[in-house]
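Notebook open. I wanted to look up two things here, the packing inside and the charged pairs.

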Amino acid sequence: MKQITAKEVEQRLEKGEELNIIDVREVAEVKTGKIPTAVNIPLGLVEFKMPDLDKKLPYIIVCRSGGRSSQATLFLESYGFDVTNMEGGMLAWEGELEF
């Protein structure tokens, strides 16, 4: 499983890079703030939202601490998606938040 740090994600966004970020936290958790541009797909819905994802695009998967995003990353990887887990999740995020 590929990993990326929260700092690397932040730096790439600051450079203007367009990242496909999927936040697998629950809706209530996301209301406390998310990474700008991140799309919320709660972990329990990832399987059902898979048809909406493009296998040609790379995705960064995020959760609160890295556990659920690891599960989602391994799951999507098994279906041929190019996915990377953000280590430490939102607990490690020091960048800007979107509400």
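**Charged pairs, then cores**

I began with R12, which counts as partly exposed at 29% relative accessibility. A note to self before going on: this is a predicted model.

Next I asked what R12 pairs with. R12 forms a salt bridge with E17, and their closest N and O atoms are 2.6 Å apart. I checked E17 too, and E17 is partly exposed at 34% relative accessibility. So both partners fall in the partly exposed class, R12 at 29% and E17 at 34%, given that this class runs from 20% to 50%.

How many salt bridges does a search of the whole structure find? I got seven, and I wrote up two others besides R12 with E17.

Entry on K2 and D82. Their side chains meet in a salt bridge, 2.4 Å from N to O. I looked up where the two sit: K2 is in strand β1 (residues 2–4) and D82 in strand β5 (residues 82–86), so this pair links distant parts of the chain, 80 residues apart. For accessibility, K2 has a relative accessible area of 42%, partly exposed, and D82 is partly exposed as well, at 31%.

Entry on E98 and K34. I found a salt bridge here with the closest N and O atoms 2.7 Å apart. This pair also links distant parts of the chain, 64 residues apart. E98 lies in the segment after β5, while K34 lies in the loop between α2 (27–30) and β3 (39–40). Is K34 buried or exposed? I read a relative accessible area of 15% for K34, which means buried, because the cut-off is under 20%. Its partner E98 is partly exposed at 33%.

Then I turned to the nonpolar side. The largest nonpolar core has 13 residues. Which of them touch the most other members? My list reads I22, V24, L53, Y59, I61, L76 and F81. I also noted which elements feed this core: β4 (58–62) and α4 (67–78) each supply at least two of its residues.

I picked I22 from that list for a closer look. Leaving out neighbours within four places in sequence, I22 is in contact with V39, I41, L53, Y59, I60, I61 and V62. Three of these names, L53, Y59 and I61, were already on my list of core residues that touch the most other members.

Last entry: there is a second, separate core of twelve residues. Its members include L19, A38, I60 and M90. I60 had already come up among the contacts of I22.

Technical notes: Residues are numbered from 1 along each chain as its sequence is written. This is a predicted model: local features need pLDDT of at least 70, side-chain atom pairs count only at pLDDT 80 or more; totals for chains, interfaces and linings use all residues. Side-chain values use heavy atoms; hydrogens and water are left out. A nonpolar core is a set of buried Ala, Val, Leu, Ile, Met, Phe, Trp, Tyr and Cys residues joined through side-chain atoms within 4.5 Å. Buried means under 20% relative accessible area, exposed over 50%, partly exposed in between (1.4 Å probe, protein chains only). Helices (H or I, at least four residues) and strands (E, at least two) are DSSP runs, numbered from the N terminus. Contact means heavy atoms within 4.5 Å. A salt bridge is a side-chain nitrogen of Lys or Arg within 4 Å of a carboxyl oxygen of Asp or Glu.
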